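Reader: Could you take me on a close look at one part of this model, the side-chain contacts that hold separate stretches of the chain together? I would enjoy one connected walk through them.

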Amino acid sequence: MSELNGVKMEGSKVPAEQIKNPELISAIEKMQQDGTPENINAMVNAVMNAKFILPAKVTPTTEARTQNGQTVMQQATQVQFRLLENNNKEKFFGIFTDIDELYKWNDTKTANKVVTDFDSIAQMVMDPKAGVLGFVINPFGKSVTFPKQMVHTFKQQRDFAKMKNQQIAPGTKVQLGEPKEYPIDLMAALINHFSTEETVNAAYLRMMEQNNQKSYLIVVDFYGDMESTFDAISSVSKPFLDDEIQLSMMPYSLEFGRNAVKGVEPFYKKEN
């Protein structure tokens, strides 16, 4: 057993003792008895909708944040998660469907219990600083292992589902190119923003036109929660936009995003 230090996340207000996952447990058992594609998909869907319990050490702390040029001290929470380690010294998160499964792991009765979901777990798994290779559901019971690449794939699918309002309908003519006038102020604001965001690895700019509407297309290579990442970009960009040119965003993890910036240099790239 080892620990992952310094992880910060939003926990659920639902008490861990109330977390029950009968549908997921049933789906896991059915999948293990008969691994048909239908049973596997049903199990994966149940995982996406479930709440899980993680044993942790939760420590109140403070952190400094800059707001309008001023440093503000804010309350925060530091979470230390216990990690599973196999014989090859590979580390995984152990997550649990209920209290009974959690207590099969020694010394967890007195641990803090964090209630979370797939999106939060995926965010931590994909964080390069975590050094984990995935997560295991109920590792001391009827367990299911989700390797990191599988987690990444499922997160991509969920990201795509969240982007229904930005999806491009089949048959829609889309033109991509370089802006005729480079938006220097917008780019400067975004570069400054991204330099404070550890989850953003790189960002690309394209000009996109569809249905006679022009927009700056920002393709972002990041890990973590897409909604909060894109909301922050939208907030930073708003003062630099007008009715003529709007803003569109796309994760680099999606095929359209990667194709849109093929051969294009990022306007922002995180320093190593």
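Author: Happy to. Let us begin with a definition: a salt bridge here is a side-chain nitrogen of Lys or Arg within 4 Å of a carboxyl oxygen of Asp or Glu. Counted that way, this predicted model holds 7 salt bridges.

A good place to start is the loop between E6 and E7, where Lys142 lies. Its partner is Glu29, and the two side chains meet at 3.5 Å, N to O. Because Glu29 belongs to helix H1 (residues 22–33), this salt bridge ties together parts that are 113 residues apart in sequence. Glu29 is partly exposed, at 30% relative accessibility, and Lys142 is partly exposed too, at 49%.

Stay in that loop for a moment, since Asn138 also lies there, between strand E6 (134–137) and strand E7 (144–147). Most residues other than glycine have a negative phi. Asn138 has a positive phi of about 50° although it is not a glycine. With a relative accessible area of 3%, Asn138 is buried.

The loop offers an aromatic contact as well. The model has 10 aromatic pairs. One of them joins Trp105 and Phe140: their ring centres are 5.7 Å apart and their planes stand at 40°, so the pair counts as tilted. Trp105 sits in the loop between helix H3 (99–102) and strand E5 (112–117), while Phe140 is in the loop between E6 and E7, so this pair ties together parts that are 35 residues apart in sequence. Trp105 is buried at 7% relative accessibility, whereas Phe140 is partly exposed at 37%. Trp105 has a further neighbour: Arg82 lies over the face of its ring, 4.3 Å from the ring centre.

Strand E5 brings us back to charged side chains. Asp117, in strand E5, and Lys51, in strand E2 (residues 51–67), are 66 residues apart, and their side chains form a salt bridge at 3.9 Å, N to O. Asp117 is partly exposed, with a relative accessible area of 22%; Lys51 is partly exposed as well, at 36%.

Further along the chain, strand E9 takes part in two contacts of this kind. In one, Arg206 of strand E9 is linked with Glu178, which lies in the loop between strand E8 (174–177) and helix H6 (184–194), 28 residues apart. Their side chains meet in a salt bridge at 2.6 Å, N to O. Arg206 counts as buried, at 13% relative accessibility. In the other, Tyr204 and Tyr252 form a stacked aromatic pair, 5.7 Å centre to centre with 10° between the planes. Tyr204 lies in strand E9 (residues 200–210) and Tyr252 in the loop between strand E11 (245–251) and helix H8 (255–260), so the pair ties together parts that are 48 residues apart in sequence. Tyr204 is buried at 11%, and Tyr252 is partly exposed at 27%.

Two groupings go beyond pairs. Phe118, Phe135, Phe146 and Phe154 form one aromatic cluster. On the charged side, Glu85, Lys89 and Lys91 are linked in a network of salt bridges. Lys89 deserves a second glance: its place is in the loop between strand E3 (70–85) and strand E4 (91–95). Lys89 has a positive phi of about 65° although it is not a glycine. Where Asn138 is buried, Lys89 counts as exposed, at 60% relative accessibility.

Key:
Residues are numbered from 1 along each chain as its sequence is written. This is a predicted model: local features need pLDDT of at least 70, side-chain atom pairs count only at pLDDT 80 or more; totals for chains, interfaces and linings use all residues. Side-chain values use heavy atoms; hydrogens and water are left out. Helices (H or I, at least four residues) and strands (E, at least two) are DSSP runs, numbered from the N terminus. Buried means under 20% relative accessible area, exposed over 50%, partly exposed in between (1.4 Å probe, protein chains only). Rings of Phe, Tyr and Trp (its six-membered ring) pair if their centres lie within 6.5 Å; planes under 30 degrees apart count as stacked, over 60 as edge-to-face and the rest as tilted. A charge sits over a ring if NZ of Lys or CZ of Arg is within 6 Å of the ring centre and within 35 degrees of the ring normal.
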